[in-house]
Amino acid sequence: MSIDILFKIAGIGILVAVLNQVLSKAGREDQAMLISITGLVIVLMMVVKEISGLFDTVRTTFGL
Amino acid sequence: MNNLDIFKILAFALVALVLILIVEKNNKEMGVLLILLASIGILVGVFSSIKEVITILKKLADGAGINSKYLSIIIKVTGIAYLVEIVKNVCVDAGNSSLATKVELAGKLSIAILTIPLITNVISLVEGLV
């Protein structure tokens, strides 16, 4: 795994936080919540892929 | 693993730390996911050297005439311990220590089940002596 996925997820996190604050200030709380949920789901998909990769490597290395 | 790799991993950890600090301020869940991802990245980075150590251990055990069944149990326990430790630490970092305790309990139980054959072997050995 390289470091660019880390940068990608940090970027998504910052973007979601900014959008969330802008929409909250504009009085659109429902859209802000939807955006934060969407960002979380996108990041979760990426992280789940990495987790399954780690589990596979551990399973093959340690013979589980 | 040579010297260059450890420097790479240290730099990775520092960059990840800064990113986590930035993101965590505004977006707590994303920070937890970043912590998880960074720990996975470091562990995947050291896996080639873990493989080397395991092959050397297997060679040593073969030379010493130890049953390879016992060594494979030890290696399995090490793998379970690594995974449980990662998940437990993520739970603690996310501020949910009760879930972390349960994860630890599950890991301990699975390790106990793996080591039961060894324990029964020891007991039958003692019985044979008496």
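Which residue takes a positive phi just after helix 2 of chain A? We'll get there by way of chain B and then helix 2 itself. Keep in mind that this is a predicted model.

## Chain B: helices all along

Start with the overall make-up. Chain B has five helices and zero strands, so reading from the N terminus you meet α-α-α-α-α. The radius of gyration of chain B comes to 20 Å, while the globule rule gives 14 Å for 130 residues, so chain B is more spread out than a compact globule.

The outline tells you more: along its principal axes, the C-alpha trace of chain B spans about 65 × 40 × 15 Å. As for burial, 15% of the 130 residues of chain B count as buried. Now take the contacts in chain B between residues at least 6 apart in sequence: 51% of them join residues at least 24 apart.

## Helix 2 of chain A

Over in chain A, helix 2 covers residues 29-62. With 34 residues at 1.5 Å each, helix 2 should span 50 Å, and its end C-alpha atoms sit 48 Å apart, which agrees.

Which residues of this helix are buried? They are Gly39(A), Val43(A), Leu54(A), Val58(A) and Phe62(A). The cover over these buried residues includes helix 1 (4-25) of chain A. Chain B pitches in too, with helix 2 (28-45) and helix 4 (68-93).

## Just past the helix

Back to the opening question: the residue is Gly63(A), with a positive phi of about 65° just after helix 2 of chain A.

Conventions
Residues numbered from 1 in each chain as written. Chains lettered and ligands numbered in written order. Predicted model: local features only at pLDDT ≥ 70, side-chain atom pairs only at ≥ 80, totals over all residues. Helix = DSSP H or I, 4+ residues; strand = E, 2+ residues; numbered from the N terminus. Rg over C-alpha atoms; globule rule 2.2 N^0.38 Å. Buried ≥ 20, exposed ≤ 12 C-beta atoms within 10 Å, placed from the backbone. Contact = placed C-beta atoms within 7 Å. Expected span 1.5 Å × (residues − 1).
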